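Reader: I'd like to go through this model with you and ask how some of its labels are earned. Could we take it step by step?

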Protein chains: 2
Amino acid sequence: MIRLGKLTDYGVGLMTRMARDGADEQTNARDLSGRTGMPLPTVSKILKLLCQGGLLESRRGVGGGYTLARHPRDISLADMVGVLEGPMALTECAGEGDCKCEYLADCGLQRQWAGINRRLQATLASVTLADMAAETDSCPTLEGKGA
Amino acid sequence: MIRLGKLTDYGVGLMTRMARDGADEQTNARDLSGRTGMPLPTVSKILKLLCQGGLLESRRGVGGGYTLARHPRDISLADMVGVLEGPMALTECAGEGDCKCEYLADCGLQRQWAGINRRLQATLASVTLADMAAETDSCPTLEGKGA
DNA sequence: GGCATAAAGTACCAAAATAATCCTAAATTT
DNA sequence: AAATTTAGGATTATTTTGGTACTTTATGCC
Ligand code: FES
Ligand code: FES
């Protein structure tokens, strides 16, 4: 089915909301939880991960919270997915050098998988948070290059 | 991590082997199991699924087995992944009409997700079984369009 | 007709990945 | 010092996946 994890889905949703609310606005986990209806622990966890991944910046203590680390135009979907799901590796083979495949030894598919992997990642990299946050019906990036 | 299921990985490997062995050759589960080292039950299961999905054709009984339903050039990676993993739906939203998202109600991301979904699928659709089976180092499809 | 072979269908169990929660520590403001 | 808010880690429960087994149906051969 090739489905992203729920956390990733939620994470993109949260970042989109932050982007819409203003690129420089600060918000905190409790606030976002309240506005989205998502349970606070989950929101906290996701924001924490996004911060570790360098996509958000944090301020602790009273009045603390999170802000976007970069402008929405400079944060790609690939960044977000990468942080929340780890590096894309479609198959065992798709990684770089060592294929420790149990079966199909030397099936010679590494090159192909790696190429496909690269292309999929490029697609994700071409979509920015700004694109996701755009509320207009016509999104240049998404509609223009579509297939 | 965006990883395909093992069964999908194996399935593509099996079909690739079949394509390499000749587009019209017939083979059976036991034979393929022997050649790849994969356990017979698993091979059976995968071939069965591929057959149900219309990618293979089967002949029962003595001397029976499986053959490719179409020429490798006419079987895409999207076909194979679709059969073995179900229809691609990156997120809850990505499907067609109804978003029964628990949280983030009306986050307005359906259009974006659907577009991304379409583009990823198009990428998979552009790779054929023939491309996968090609043993040459330069694969027109994969290398030419790469990013 | 009966037997051997091979796929089709169904069901089940085990293992792994994921989601969700909780708790304690550290930082920062008032 | 007290209150707030993130950081980090660990735990538990749920779902998905992978793997296996068993029974049934179809086909060819003797
Ligand atoms: S599965 Fe490892 S080389 Fe193909
Ligand atoms: S999660 Fe359903 S509309 Fe966005």
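**How the labels are earned**

Author: Happily, and please keep in mind that this is a predicted model. By class, 8 nonpolar, 9 polar and 7 charged residues form the surface near DNA strand C.

Reader: What makes a residue part of the surroundings of DNA strand C?

Author: A residue counts as near if one of its heavy atoms lies within 4 Å of the strand. DNA strand C has 24 residues around it, and the closest are A:Lys6, A:Lys45, B:Asn28, B:Ser58 and B:Tyr66.

Reader: Why is the pair between A:Lys45 and DNA strand C called a polar contact?

Author: A polar side-chain atom of A:Lys45 lies 2.9 Å from a base nitrogen of the strand. The cut-off for a pair of N or O atoms is 3.5 Å, so this pair qualifies as a polar contact. From chain B, a backbone N or O atom of B:Gly61 is 3.1 Å from a sugar or linking oxygen of DNA strand C. A polar backbone atom of B:Val62 lies 3.4 Å from a base oxygen of that strand, so this pair is also within the 3.5 Å limit.

Reader: Which elements give two or more residues to the surface near DNA strand C?

Author: They are α1 (6–20) and α3 of chain A, along with α3, β1 (56–59) and β2 (65–68) of chain B.

Reader: And how do you know which parts of DNA strand D face the protein?

Author: Look at the strand atoms within 4 Å of the protein: 64% belong to sugar or phosphate, and the rest to bases. Around DNA strand D there are 26 residues, with A:Lys48, A:Ser58, A:Tyr66, B:Lys6 and B:Lys45 the closest. A polar side-chain atom of A:Gln52 is 3.1 Å from a phosphate oxygen, while a backbone N or O atom of B:Val62 is 3.3 Å from a base oxygen. Both distances fall within 3.5 Å, so both pairs count as polar contacts.

Reader: Why is α1(A) called mostly covered?

Author: Buried means under 20% relative accessible area. In α1(A), 11 of the 15 residues are buried, so the helix is described as mostly covered. Among them are A:Tyr10, A:Val12, A:Leu14 and A:Met18.

Reader: How does the reach of α1(A) compare with the expected span?

Author: From its first C-alpha to its last, α1(A) reaches 21 Å, close to the 21 Å expected at 1.5 Å a residue. Just after this helix, A:Gly22 takes a positive phi of about 120 degrees.

Note on methods: Residues are numbered from 1 along each chain as its sequence is written. Chains are lettered from A and ligands numbered from 1 in the order in which they are written. This is a predicted model: local features need pLDDT of at least 70, side-chain atom pairs count only at pLDDT 80 or more; totals for chains, interfaces and linings use all residues. Side-chain values use heavy atoms; hydrogens and water are left out. A polar contact is a pair of N or O atoms within 3.5 Å; within protein, one must be able to donate a hydrogen and the other to accept it, and residues adjacent in sequence count only if both atoms are side-chain atoms. Helices (H or I, at least four residues) and strands (E, at least two) are DSSP runs, numbered from the N terminus. Ala, Val, Leu, Ile, Met, Phe, Trp, Tyr, Cys and Pro count as nonpolar, Asp, Glu, Lys and Arg as charged, and the others, Gly among them, as polar. The expected span of a helix is 1.5 Å times one less than its number of residues. Buried means under 20% relative accessible area, exposed over 50%, partly exposed in between (1.4 Å probe, protein chains only).
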